[in-house]
Amino acid sequence: MRRRRTAEVDPTAQQDSALVVEGAPVPDADVYESVRDSAESSLTGKVVGGAAWSAIGRTSSQALQFLAGLALARLLLPADFGLLASVYVVTGFAVLFFDMGLNAALVHARVLRRSDMDTAFWLNALGGIVFVGILAAVGPLVAEFYSDDRLRYITPLAGLSFAFALGTVHSALLTRRLKFKRLAVIETAAAVVGNSTTVVGALAGWGPLALVAGPALQSIVLTTLMWIASPWRPRGFIRRASVRRLWSFSGGMLGFSLVNYAGRNSDNLLIGRILGAAPLGYYNRAYNLMLLPLQQISQVVGRVMFPALASMGDDRARLQRAYRRTVTVMTAVTMPVLVGMSAVADGLVPLLWGDQWGATIPLLQVLCLAGLPQCLSSTEGWLYQSQGRTKLMFLMGGISTAIGVAAIVIGLHWGLLGVTIGILTTAWAYQPIALRVACGLIGLRGSRVILDILPTVVIALVMGGAVYGAPVLLGVPRTEPLVLCGQILLGVLVYGALMFVFRRDVLRELATLRPGRRRAGVQVAR
């Protein structure tokens with residue numbers, strides 16, 4: 001049975017025969033929905049509630065991926081992971097061009113037009129078809145570049161997961177209406193199917209093909225459930241006026257995504273080419289584990305903060321309060337996790353993946369410390385997007401990528417550890433500059449944000465030192481599981497005690513966060 005749409009209807013809906021956006025009237029027939037601003041207290045509840053449901057979905061999906069990764073680490077070889085990491089350097093671009101910033105443009109739109117939605121859908125769909133063809137054509141070149149004939153067929157097969165992703169518009173609609181509970185269910189169900197398929201394929205002896213089959217089936221399930229959850233269907237085709245409107249916002253987003261992707265994957269490309277697939281497998285596992293808490297927290301919060309900050313318009317006082325509050329609370333959660341993983345890496349890696357992954361330990365230790373500045377950099381996009389400054393976001397992303405690639409090239413002279421130290425150095429040196437530019441968009445000094453979180457950074461590092469040094473003082477081996485459990489418990493106690501003494505305000509802030517029940521008022525065209 002089909003559910004009725006439950007979004008609240010704005011009481012002024014009947015008066016809007018034609019809405020006006022930036023001085024230009026929008027025909028009523030082209031209006032799909034519009035979002036109204038709300039009071040600060042109401043918006044806080046919406047953000048917390050949306051983040052709670054988003055966190056549930058994200059946590060479930062990441063937990064499934066993590067558990068599947070544990071099994072796959074024992075079923076597949078490091079070279080299998082390295083092979084797919086090499087492929088994703090190429091196929092990962094499909095993700096950028098499938099979305100092209102269109103999802104963010106639709107979420108950001110004050111008035112959402114039917115013509116823009118139709119255009120976004122068909123650009124996404126046709127882009128998928130084109131990319132599968134391109135990947136099939138470049139497969140032999142990729143195989144020759146990495147000197148592995150298996151890449152001839154693995155490269156185009158890896159692109160299928162992106163070609164089946166046809167839910168960009170549906171996802172944007174659910175996000176605008178804060179339907180994060182529905183999104184959580186959809187994403188979790190798709191993750192169950194995808195990760196199960198990957199593990200079953202590995203058990204069946206598919207080798208690296210198992211890492212391709214799972215994501216493809218997951219994409220099919222995700223698209224199907226998105227279409228069931230959202231009643232919207234495309235009625236028209238691509239319109240030139242809609243392309244111009246969408247591109248004014250999404251062009252900068254796409255440019256940033258491209259340079260950011262290049263920066264994020266230049267290490268995989270260079271390590272795979274110069275050092276080989278096995279070293280790349282070690283590095284890739286360490287880097288992904290470091291990213292886990294960052295993605296788990298920052299992407300969940302960012303998914304809600306972007307539309308929330310956009311709704312505040314030019315109210316800089318509200319923007320500054322919201323940003324500072326969110327960054328302070330978020331870093332109080334992510335930073336101790338990163339420092340803790342660095343401190344217990346000697347026992348964590350063998351426990352998770354086995355002794356054959358021992359070369360990953362020093363890489364994980366350095367990368368986790370390099371991840372601390374990324375706790376801030378992951379929030380800067382909220383400011384660029386909410387203020388519509390995506391072109392400046394593109395420029396800053398290009399500068400960051402150029403610096404990062406240079407550091408990796410230099411670090412390769414000293415092997416994998418040299419690469420990680422290069423990443424660590426550039427992350428800490430460049431972040432204050434990037435933060436100053438982003439915060440300037442809302443009249444906030446970057447140094448003020450750094451001072452807000454500085455006590456938390458110091459407390460996390462002190463905790464990490466205590467956790468790392470405890471086995472030495474007690475004369476016990478770090479690799480024992482019981483010692484690892486003791487280190488984790490010690491870290492929780494030390495961090496909690498120090499935060500209670502020096503940052504009790506942050507603990508109170510965390511304790512007061514409760515999911516709200518109210519939803520944003522959305523005017524839906526009938």
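Colleague: How far does helix H18 reach from its first C-alpha to its last?

Modeller: A quick heads-up: this is a predicted model, where local features need pLDDT of at least 70, side-chain atom pairs count only at pLDDT 80 or more, and totals for chains, interfaces and linings use all residues. Residues are numbered from 1 along each chain as its sequence is written, and side-chain values use heavy atoms, with hydrogens and water left out. H18 (a helix is a DSSP run of H or I with at least four residues, numbered from the N terminus) covers residues 481-502, which is 22 residues. At 1.5 Å a residue (times one less than the number of residues), the expected span is 32 Å, and the helix comes close to that, reaching 32 Å.

Colleague: Within what arc do the buried residues of H18 fall, seen down its axis?

Modeller: The buried ones (under 20% relative accessible area; exposed is over 50%, partly exposed in between, with a 1.4 Å probe and protein chains only) are Val483, Leu484, Gln487, Gly491, Val494, Tyr495 and Met499. On the other side of H18, you'll find Leu482, Leu489, Val492, Leu493 and Val501 exposed. The buried residues line one face of the helix, because their arc (taken from the directions from the helix axis to the C-beta atoms) is 125 degrees.

Colleague: Which residue forms a salt bridge with Arg448?

Modeller: A salt bridge here is a side-chain nitrogen of Lys or Arg within 4 Å of a carboxyl oxygen of Asp or Glu, and a search of the whole structure finds 6 of them. Arg448 is partly exposed at 36%, and its partner is buried at 11%. The two sit 4 residues apart in helix H17, so they're separated by about one helical turn. With the closest N and O atoms 3.2 Å apart, the partner is Asp452.

Colleague: Is Arg113, which forms a salt bridge with Asp116, buried or exposed?

Modeller: The closest N and O atoms of Arg113 and Asp116 are 4.0 Å apart. Asp116 has a relative accessible area of 7%, so that residue is buried. Arg113 comes out at 13%, so Arg113 too counts as buried.

Colleague: What is the angle between the planes of Phe121 and Trp227?

Modeller: You describe a pair of aromatic rings by the distance of the centres and the angle of the planes. Rings of Phe, Tyr and Trp (its six-membered ring) pair if their centres lie within 6.5 Å; planes under 30 degrees apart are stacked, over 60 edge-to-face and the rest tilted. The structure holds 10 such pairs. Phe121 and Trp227 lie 5.7 Å apart, centre to centre, and are edge-to-face, with an angle of 65 degrees.

Colleague: Which residue pairs with Trp122 in a tilted arrangement?

Modeller: Trp122 is in helix H4, and its partner is 115 residues away in the loop between H9 and H10. Both belong to one aromatic cluster with Phe121, Trp227 and Trp232. The rings are 5.5 Å apart, centre to centre, with 55 degrees between the planes, and the partner is Phe237.

Colleague: What is the area of the nonpolar surface patch that includes Trp247?

Modeller: Patches use residues with over 30% relative accessible area and no salt bridge, joining like charges within 9 Å and nonpolar side chains (Val, Leu, Ile, Met, Phe, Trp, Tyr) within 5 Å. Trp247 sits in helix H10 and is partly exposed at 49%. Helices H4 and H10 each supply at least two residues of the patch. Together with Leu126, Ile129, Phe237, Ile238 and Val243, Trp247 makes a patch whose area (by the Shrake-Rupley method with a 1.4 Å probe) is about 560 Å².
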